[in-house]
Amino acid sequence: SLLSQVGVAEYSVKWENPCPIFMLPDVFCDECSESRDVNLCFTPPGHEDADVNANGSLWICQDCGTPYNARSIELRLIHILNRKLVRYQWQDLRCTKTNCIPPRSLVALSDCAAPVKTDISAESM
């Protein structure tokens, strides 16, 4: 097999899904009021080249076939992003040595002369 030719054991390779996943929980259908978690990074089959429907949504309720309200999905995404940005901006600075919050704001060093760090890194944003 090809794996043995490159020197990799058959069961040592772990498959990872190359597609991104963003699950939006509790998306409600306007027609049947059914709630589902929707993967917004997944385009349903048959919609790869098709235009969006009149509602502006590619995601369709699996129970009744009605498209989800794209505007409400968009507003929820904006709300999630806004909460994440506010949480990042309001986070505390912590001492890297004692893990305590310095008593003064906007300092580069804590009282014990150790640098401060953020709880949420800029890279994770």
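**Close-up views of a predicted model**

**View 1. The start of helix α2 in the predicted model.** At the start of α2, the backbone nitrogen of R71 has a side-chain oxygen of N69 within 3.1 Å, a polar contact being a pair of N or O atoms within 3.5 Å in which, within protein, one must be able to donate a hydrogen and the other to accept it, while residues adjacent in sequence count only if both atoms are side-chain atoms. Helix α2 comprises 20 residues (70-89) and spans 29 Å from its first C-alpha to its last, close to the 28 Å expected at 1.5 Å a residue, where the expected span is 1.5 Å times one less than the number of residues. Helices (H or I, at least four residues) and strands (E, at least two) are DSSP runs, numbered from the N terminus.

The model is predicted, so local features need pLDDT of at least 70 and side-chain atom pairs count only at pLDDT 80 or more, whereas totals for chains, interfaces and linings use all residues. Residues are numbered from 1 along each chain as its sequence is written, and side-chain values use heavy atoms, with hydrogens and water left out.

**View 2. The hairpin of β1 and β2.** Strands β1 (residues 23-28) and β2 (residues 35-39) pair in the antiparallel sense over four bridges, pairing requiring at least two bridges found by DSSP. L24 stands opposite V38 in β2, and among the six residues between the strands, S33 takes a positive phi near 60°.

**View 3. Q91 in the loop between α2 and β3.** The side chain of Q91 reaches the backbone oxygen of Y88 at 3.2 Å, and a polar atom of this side chain lies 2.5 Å from the backbone nitrogen of I120.
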